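User: Hello! I am new to this structure and would like to get to know it step by step. Could you walk me through it?

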Amino acid sequence: MTRRDAFVSFALFAELVASAHAAAADAQPPAATPAAPPRPPVFKHDLPNLTMDDWEVTVSHVDYPPGRVGSPHKHAGFVLAYVLEGQIVTKISDQGPEKLYNVGEMFYEQPGATHEVSRNASQTVPAKLLAMIFAKKGATLTTQVK
C-alpha cells in the first residue's frame, strides 16, 4: 500500500462517514434554501514519510462507556481516529496537553507515540470512536505501556 493509496482510502472512508451523517440529518424533506458554501475538511494532517509496502489498515469501533478511562498504550504504525458519539479526552505524546474531541472531530497518533490519556469526558453518556490503524501486516496493533 502506498501513501497515496492510504490517503485515498482514508478520504473515501471520511466521505462515507460524512455522507452517512448527512443522510441521517436529511431524513426530513429539504426546505427550499440557497446552496450552502462548501464545508472545510474534517481533518487535515501530514502523513509520515515511510514506505507502506506490506501494510494494511485495520478499522475498529472503540466504545467508551460512561466514565471509562483507558490505560496508556502504543499502536504499531500510525492512527487516525474519528469521534462517532459523545466526547473523548485524549493526550498523545509530543502533541501538547490533553484535548477534548467532539462528534465529527479527528485526531492523529504518529508512529511510536504513546496514547497517554484516553477517556470518556462524561460520567453519564457513552462515547465511541472509529480507530483506523495503519501498520505492517501481522503487527501487534496495540501494546500496553506501564
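Analyst: Happy to! One term helps with what follows: a pocket is an open set of grid points with protein on both sides within 12 Å along at least five of seven lines, and its lining residues have an atom within 4 Å of a point. Please keep in mind that this is a predicted model.

User: Which residues lie nearest the centre of the second largest pocket?

Analyst: This pocket holds about 260 Å³ of space. Its lining counts 19 residues, and strands such as β1, β2 (73-75) and β9 (142-144) each supply at least two of them. Nearest the centre are Val 62, Tyr 64, His 73, His 75 and Thr 142.

User: How do the residues of that lining divide into nonpolar, polar and charged?

Analyst: Besides β1, β2 and β9, the elements that each give at least two lining residues include β3, β6 (106-109), β7 (114-120) and β8. Sorted by kind, the lining residues of the second largest pocket come to eight nonpolar, nine polar and two charged.

User: Which element gives the largest share of the largest nonpolar core?

Analyst: In soluble globular proteins, nonpolar side chains tend to be buried together. Here the largest nonpolar core has eleven residues, among them Tyr 64, Ile 88, Tyr 101 and Phe 107. Two or more residues come from each of β3 (78-85), β4 (88-92) and β8 (127-136). The largest share, three residues, belongs to β8.

User: Is Trp 55 buried or exposed?

Analyst: Trp 55 sits in strand β1 (residues 55-64). Its relative accessible area is 11%, and the cut-off for buried is under 20%. Trp 55 is therefore buried.

User: Are the rings of Trp 55 and Phe 78 stacked, edge-to-face or tilted?

Analyst: The two residues are 23 apart in the chain, with Trp 55 in strand β1 and Phe 78 in strand β3. Their ring centres lie 6.3 Å apart and their planes meet at 35°. Planes under 30 degrees apart would be stacked and over 60 edge-to-face, so this pair is tilted.

User: What are the relative accessibilities of Tyr 101 and Phe 107?

Analyst: The rings of Tyr 101 and Phe 107 form a tilted pair, with centres 4.9 Å apart and planes at 40°. Both residues belong to the largest nonpolar core. Tyr 101 counts as buried at 9%, and Phe 107 counts as buried at 2%.

User: Which residues form one aromatic cluster?

Analyst: A search of the whole structure gives four aromatic pairs. Trp 55 and Phe 78, both buried, are part of the cluster. Its members are Trp 55, Phe 78, Tyr 108 and Phe 134.

Key: Residues numbered from 1 in each chain as written. Predicted model: local features only at pLDDT ≥ 70, side-chain atom pairs only at ≥ 80, totals over all residues. Heavy atoms only, no water. Core = buried A, V, L, I, M, F, W, Y, C linked by side-chain atoms within 4.5 Å. Buried < 20%, exposed > 50% of the residue type's maximum accessible area, 1.4 Å probe, protein only. Helix = DSSP H or I, 4+ residues; strand = E, 2+ residues; numbered from the N terminus. 1 Å grid on protein atoms, 1.4 Å probe; cavity = no way out; pocket = protein on both sides within 12 Å on 5 of 7 lines; lining within 4 Å. Points joined across faces, edges and corners; volume = space filled by probe spheres on them. Nonpolar A, V, L, I, M, F, W, Y, C, P; charged D, E, K, R; others polar. Phe/Tyr/Trp six-rings, centres within 6.5 Å; stacked < 30°, edge-to-face > 60°.
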